[in-house]
Amino acid sequence: MGLKQLLKDFNGVNGDEVKLKEFFQKVAPVVFGGQIVAKTSQTTIEIKPVDIEFYYHEEDGDIKDPIMYHRFPKDEKKRGNDEYRYYEIGQLNMHVSGIDITFEKPGYRASILIRGFLVKENGKDITNRKAKEGYETRSTVLYDAICRNLSIFDNGVNISWVDGTPVDILTITYRRNVAKYDEKGNKRAAETKINGEIPTENGNYVQDMREYRYISM
């Protein structure tokens, strides 16, 4: 089954963390097997995800992911604002942390953040592999890879997802630099960590230890 159908068939988990993780483990190999393709008349850019993070937030349910940029605000009176409409399945949500592939429906927000990737231009691997991970991790490079050769003229912008053969997950771990929140919806400062909790990568907060990050290489 392709990525579009998997995301389309998903209807949330109603607070079931086990069911949620089972879904992530099913989707990740399909994401790793496919790629984003950005085309012009002269250039084809292929972006293959190899490191992804899932985000899932139930607006009125038990599973919360306050780190998500796209969700209802704490003030419920603002919920009618069109800014908080639900994204369509497969929509690209571009923000300061990178690019999400969204799969929301009324009641929950959900997305796949492309954390690491490989890049080809006209079939040639142009990935900068100098990073310790051995693949590209900078969101600015992801933006550049998708948008640098696209034109609003002629045939316009052509960006699509292409499925391939699923690729095995090699690592499952917690998301990078994602803070844990308290019951009031505030980030917990690093000095409040207890019972083996660790700080975030930047050292400022308690790390959210939910294993929503998947790596294929």
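# Exercises on a predicted model

Strands S1 and S2 pair in the antiparallel sense over four bridges. Two strands pair if DSSP finds at least two bridges between them; helices (H or I, at least four residues) and strands (E, at least two) are DSSP runs, numbered from the N terminus.

The model is predicted: local features need pLDDT of at least 70, side-chain atom pairs count only at pLDDT 80 or more, and totals for chains, interfaces and linings use all residues. Residues are numbered from 1 along each chain as its sequence is written, and side-chain values use heavy atoms, with hydrogens and water left out.

**Exercise 1. Describe the strand partners of S1 and name a bridge partner in each.**

Step 1. Begin with S2, which a hairpin of four residues connects to S1. Within this pair, Ile-36 has Ile-47 of S2 as its bridge partner.

Step 2. Turn to S7. Strand S1 (residues 35-39) also pairs with S7 in the antiparallel sense, here over five bridges. Val-37 is matched with Ser-160 of S7.

Step 3. Combine the results. S1 is thus paired with S2 and with S7.

**Exercise 2. Give the order of the elements and assess the overall form of the protein.**

Step 1. Count the elements: the protein has three helices and nine strands.

Step 2. Read them from the N terminus on: the order is α-α-β-β-β-β-β-β-α-β-β-β.

Step 3. Compare the radius of gyration with the globule rule. The radius is 18 Å, close to the 17 Å that the rule gives for 217 residues, so the protein is as compact as a globular protein of that length. The radius is taken over C-alpha atoms, and the rule is 2.2 Å times the number of residues to the power 0.38.

Step 4. Add the extent: the C-alpha trace spans about 55 × 40 × 30 Å along its principal axes.

Step 5. Consider burial and contacts. Of the 217 residues, 41% are buried; buried means under 20% relative accessible area, exposed over 50%, and partly exposed in between (1.4 Å probe, protein chains only). Among contacts (heavy atoms within 4.5 Å) with a separation of 6 or more, 61% join residues 24 or more positions apart.

**Exercise 3. Examine helix H2: its span, its N-terminal end and its cover.**

Step 1. Check the span. H2 (residues 17-33) holds 17 residues and reaches 25 Å from its first C-alpha to its last, close to the expected 24 Å at 1.5 Å a residue. The expected span is 1.5 Å times one less than the number of residues.

Step 2. Inspect the N-terminal end. Asp-16 caps this end of H2, with a side-chain oxygen 3.1 Å from the backbone nitrogen of Val-18.

Step 3. Identify buried residues of H2, including Leu-20, Phe-23, Phe-24 and Val-27. The cover over the buried residues of H2 includes helix H1 (3-9), S2, strand S5 (108-121), S7 and strand S9 (213-215).

**Exercise 4. Is Asp-65 buried or exposed, and with which side chain does its own make a polar contact?**

Step 1. Locate the residue: Asp-65 is in the loop between strand S2 (44-58) and strand S3 (92-95).

Step 2. Classify it: Asp-65 counts as buried because its relative accessibility is 1%.

Step 3. Find the polar contact, which is a pair of N or O atoms within 3.5 Å; within protein, one must be able to donate a hydrogen and the other to accept it, and residues adjacent in sequence count only if both atoms are side-chain atoms. The side chains of Asp-65 and Arg-210 make such a contact at 3.3 Å.

Step 4. List further contacts. Beyond its neighbours within four places in sequence, Asp-65 touches residues among them Tyr-56, Arg-71 and Arg-175.

**Exercise 5. Which side chains of S3 are buried, and how does S3 pair with S4?**

Step 1. Sort the side chains. Asn-93 and His-95 point to one face of S3 and are buried, whereas Leu-92 and Met-94 point to the other and are not.

Step 2. Establish the pairing. S3 meets strand S4 (residues 98-102) in the antiparallel sense over four bridges, and a hairpin of two residues joins S3 to S4.

Step 3. Name a partner: Asn-93 is bridged to Asp-100 in S4.

**Exercise 6. Where does Asn-14 lie, and what is its phi?**

Step 1. Place Asn-14 in the loop between H1 and H2.

Step 2. Read its phi: the value is positive, about 50 degrees, although Asn-14 is not a glycine.

Step 3. Classify it: Asn-14 is exposed, because its relative accessible area is 76%.
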